[in-house]
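Visitor: Could you walk me through this structure at an easy pace? I'd like to ask things as they come up.

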Amino acid sequence: GALVMNALKIACFEIRLVLTDRWSVFWLLVLPFILIFFIAKAFPQRADPSTLQSYLGVCNQDSGFLAQALVEDLTETGFNVQPLKTIEERKEGQWHRTLIIPPNFTANTLEGRKVVLRLEIEPGSYQPALHAVRVKIFKSVGRIIGNLCVMATLAQNSEGKDAASMY
């Protein structure tokens, strides 16, 4: 009890002593807020790439169900997806990033062959958005492959149905 009371008396005395000097109040209270304001203005918060609205042109050269599912999944993950009929169509537009789904994407994937998705990038593309695009494409491909594995397992357990008809 007495120790706490002595500590409170000393603290009150020190606070009164500091508050009597205007410069002490300035250095202890006002200046830190001024510095915080200027530092916040000098170093603005960067945008989180995962929350960026990313624009992506998609040139789907495959008519299979997996390519369609990939385009749908990309659309649902927050992309502003613009379907492109040809690669040249991208040159005419304002699309800085274009995903090219190759012909036979679905057939090669189902047969277990290597499939290369090309992401063409215009010079000067905004880097955080580019990283967000890459991450979202990887996630979409992973979901499509995961769903395909689940469908293949279900197809094995059911009679005569293939993964395409269940997808």
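Guide: What follows is a talk through a predicted model, taken topic by topic.

Visitor: Let's start with the sheet, then. In what order do the strands come, and how is the pairing described?

Guide: The sheet is open and built from 4 strands in the order S2-S1-S3-S4, with mixed pairing. Strand S2 (80–84) and strand S4 (118–121) are at the edges, and because each has a single partner strand, one side of each is left without a neighbour in the sheet. On average, and with direction ignored, neighbouring strands of this sheet are turned by 25° against each other.

Visitor: How many bridges join S1 to S2?

Guide: Strand S1 (residues 55–60) and S2 run parallel and are joined by 5 bridges. To take one residue in S1's pairing, Leu56 has Val81 in S2 as its bridge partner.

Visitor: And which helices pack on that sheet?

Guide: Helix H3 (residues 65–76) lies across S1, S2 and strand S3 (97–101), and its direction is at about 170° to S1. Helix H6 (residues 127–157) also packs on the sheet, where it touches S1, S3 and S4, and its direction makes about 170° with that of S4.

Visitor: What about the largest nonpolar core, which residues have the most contacts inside it?

Guide: That core has 17 residues, and the ones with the most contacts inside it are Leu56, Val58, Leu74, Leu99 and Ile101. At least two residues come from each of S1, H3, S3 and H6, and H3 gives the most, with 6 residues. As background, nonpolar side chains in soluble globular proteins tend to be buried together.

Visitor: Pick Val58 for me. What does Val58 touch?

Guide: Leaving out residues up to four places away in sequence, Val58 touches Val71, Leu74, Val81, Gln82, Pro83, Leu84, Leu99 and Ile101. Among these contacts, Leu74, Leu99 and Ile101 are also listed with Val58 as having the most contacts inside the core.

Visitor: Switching to cysteines: how many disulfides does a search of the whole structure find?

Guide: The search finds 0 disulfides. Cys59 counts as buried because its relative accessibility is 0%, whereas Cys149, at 46% relative accessibility, counts as partly exposed.

Visitor: OK, charges next. How many salt bridges does the structure hold?

Guide: There are 3 salt bridges. In one of them Arg143 pairs with Asp73, with the closest N and O atoms 3.0 Å apart, and this pair links distant parts of the chain, since Arg143 is in helix H6 and Asp73 is in helix H3, 70 residues apart.

Visitor: Is Asp73 buried or exposed, and what about its partner?

Guide: Asp73 is buried, because its relative accessible area of 11% is under the 20% cut-off. Arg143, by contrast, is partly exposed, with a relative accessible area of 35%.

Visitor: Which side chains meet in the other two?

Guide: Arg113 and Glu111 meet through their side chains at 2.5 Å, N to O, and both of these residues are exposed. The side chains of Arg118 and Glu120 likewise form a salt bridge, at 2.6 Å, N to O, and Arg118 is partly exposed, with a relative accessible area of 41%.

Visitor: Arg113 makes me curious about that stretch. Where is Asn108, and what does Asn108 touch?

Guide: Asn108 is in helix H5 (residues 105–110), and, not counting residues up to four places away in sequence, Asn108 touches Pro103, Arg113 and Val115. Asn108 counts as buried because its relative accessibility is 16%.

Visitor: Tell me about Val115, too. Where does Val115 lie?

Guide: Val115 lies in the loop between H5 and S4 and counts as partly exposed, at 25% relative accessibility. Leaving aside neighbours within four places in sequence, Val115 is in contact with Pro102, Phe105, Asn108 and Thr109. The C-alpha atoms of Val115 and Asn104 are separated by 8.8 Å, the two residues being 11 residues apart along the chain.

Visitor: Last one: what is the phi of Asn104?

Guide: The phi of Asn104 is near 65°, which is a positive value in a residue other than glycine. For context, most residues other than glycine have a negative phi. Asn104 is in the loop between S3 and H5, and Asn104 is partly exposed, with a relative accessible area of 46%.

How values were computed
Residues are numbered from 1 along each chain as its sequence is written. This is a predicted model: local features need pLDDT of at least 70, side-chain atom pairs count only at pLDDT 80 or more; totals for chains, interfaces and linings use all residues. Side-chain values use heavy atoms; hydrogens and water are left out. Buried means under 20% relative accessible area, exposed over 50%, partly exposed in between (1.4 Å probe, protein chains only). Contact means heavy atoms within 4.5 Å. Two strands pair if DSSP finds at least two bridges between them. Axes are lines fitted to C-alpha atoms, for helices over the stretch in contact, and angles run from 0 to 180 degrees between N-to-C directions. A nonpolar core is a set of buried Ala, Val, Leu, Ile, Met, Phe, Trp, Tyr and Cys residues joined through side-chain atoms within 4.5 Å. A disulfide is a pair of cysteine sulfur atoms within 2.5 Å. A salt bridge is a side-chain nitrogen of Lys or Arg within 4 Å of a carboxyl oxygen of Asp or Glu.
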